[in-house]
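Pull up the model and keep the sequence beside it. We'll walk through some strand pairs, then the salt bridges, and finish in the interior.

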Amino acid sequence: DELAREVFAFQYVRIEAYRQLCVRSDLQPSLVTDWRQIPPVPALAFKSLDLATRKEGEVFRSSGTTNQQPSTHRHGFLGLYRSTIDHTFPSAVLAGADPLPTLTLIPDRQQAPDSSLSFMVDYINERWGAAGSVNAIGSRGIDARQSRSFLSARQRDRQPALILSTAFALVQLIESLQRLDLRFRLPPGSVVFETGGYKGRTREVSRADLTAELQERLGIPPEMIVREYGMTELTSQLYTAVRRGGDPDLFVPPHWVRARILDPESLEEAQPGTTGLICLFDLANLSSTAHLLTEDIGLACAGGLMLEGRAAGAELRGCSLAIEDLTG
């Protein structure tokens, strides 16, 4: 709570729209005793408002869903951003292993210079990618031939591999192997880092089917498929704890992040055991607002969150009202 108050005071002073919201609510940093009292800002607000605390830094934009305006997050604390990756990715994904040859199925920064995910993946490759790493994705999707060449080399040299991918790119990879009826057996220790959903794409594959196909086509068991939950508007990431024997569907926040579930209409705390909008407080998110109301529906469980999917338009009524409060 002490750190949360310091972060709130920093953002209260520097973000005009946020300060006006707090003034209208008769709330100021000196009155806050619990992090839950700090007003959350809907992720939807990043589509139309300037919520940056600094003018310096990188500008990240969300990919968004089809025909939607992207969110914009000016990130002025890139060293802190890298530190969140340093303190979460190695333990959650690599589990102490040495750097691995990496097959990246996510655009790099040359391809997507304003993508926070590309920033993160480039940093991961710089820190934990070994010799033989390749990026096999382009403007039209994955490079199936280059991907097959990488998988064949890792099977041949018996060196574990790391695959960094979105869910949609993994489906493309599996489909390319199915067309040729190819199967690889990647060495033990190989791991998949999977992030992102399908974001309005027409082809969707169930979680169970994707997991089964990764085992069938690549020889990667379910306990080596780590899922990541992150957002353009946030700094920190949540991971499933499968490498530590955890539930493959439970996203665990790092110790400097707090999560709660809110009723979509009232934005009051949801009853225990019920689904609602996921609200996250990220102490590392100094660049904008630490308390963020997402557009995702989920359920709070012991130790983390279960994701249910994106909120429908009707479920975002509370978010819309909150944005009206922000804009006065």
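Strand 15 (residues 291-301) runs antiparallel to strand 16, and the two pair over 6 bridges. Keep in mind that this is a predicted model. If you follow the chain from one strand into the other, you pass through a hairpin with 2 residues between the strands, where Gly-303 takes a positive phi near 90°. Further along the pair, look for Asp-296: its bridge partner in strand 16 is Arg-310.

Arg-310 is worth a second look, since its side chain also forms a salt bridge with Glu-295, with the closest N and O atoms 3.9 Å apart. Arg-310 sits in strand 16 and Glu-295 in strand 15, so this salt bridge ties together parts that are 15 residues apart in sequence. Are the two partners buried or exposed? Arg-310 has a relative accessible area of 52%, so it counts as exposed. Glu-295, on the other hand, comes out at 11%, which means it is buried.

Strand 16 (residues 304-310) has another partner too: strand 12 (residues 250-252) pairs with it in the antiparallel sense, over 2 bridges. To find the spot, put Phe-251 in view and look across to Leu-305 in strand 16, which stands opposite.

Just before strand 12 in the chain, you can pick up the next salt bridge. Asp-249 meets Arg-227 there, with 3.0 Å between the closest N and O atoms. What does this pair tie together? Arg-227 belongs to strand 10 (residues 225-229), while Asp-249 is in the loop between strand 11 (238-240) and strand 12, so the link joins parts that are 22 residues apart in sequence. Arg-227 is at 15% relative accessibility, so it counts as buried, whereas Asp-249, at 33%, is partly exposed.

How many salt bridges does a search of the whole structure find? The total is 17. One of them brings together the side chains of Glu-58 and Arg-109, at 3.2 Å from N to O. Glu-58 is in strand 2 (residues 58-61) and Arg-109 in the loop between strand 4 (102-105) and helix 5, so here the parts being tied together are 51 residues apart in sequence. Glu-58 has a relative accessibility of 26%, so it is partly exposed. Elsewhere, salt bridges link up into a network made of Asp-181, Arg-183, Glu-213, Glu-216 and Arg-217.

Now for helix 5 itself, which covers residues 116-128 and includes Ser-116. With a relative accessibility of 8%, Ser-116 is under the 20% cut-off, so it counts as buried. Which residues does Ser-116 touch, not counting those up to four places away in sequence? They are Phe-60, Tyr-81, Met-231 and Thr-232.

Last stop: the nonpolar interior. The largest nonpolar core has 47 residues, and those touching the most other members are Phe-89, Val-93, Leu-151, Leu-162, Ile-163, Phe-193 and Leu-218. Try centring your view on Phe-89: beyond its neighbours within four places in sequence, its contacts are Leu-94, Ile-124, Trp-128, Leu-162, Leu-164, Phe-193 and Tyr-239. There is also a second, separate core of 36 residues, with Leu-27, Ala-270, Ala-284 and Ala-290 among them.

Technical notes. Residues are numbered from 1 along each chain as its sequence is written. This is a predicted model: local features need pLDDT of at least 70, side-chain atom pairs count only at pLDDT 80 or more; totals for chains, interfaces and linings use all residues. Side-chain values use heavy atoms; hydrogens and water are left out. Helices (H or I, at least four residues) and strands (E, at least two) are DSSP runs, numbered from the N terminus. Buried means under 20% relative accessible area, exposed over 50%, partly exposed in between (1.4 Å probe, protein chains only). Contact means heavy atoms within 4.5 Å. A nonpolar core is a set of buried Ala, Val, Leu, Ile, Met, Phe, Trp, Tyr and Cys residues joined through side-chain atoms within 4.5 Å. Two strands pair if DSSP finds at least two bridges between them. A salt bridge is a side-chain nitrogen of Lys or Arg within 4 Å of a carboxyl oxygen of Asp or Glu.
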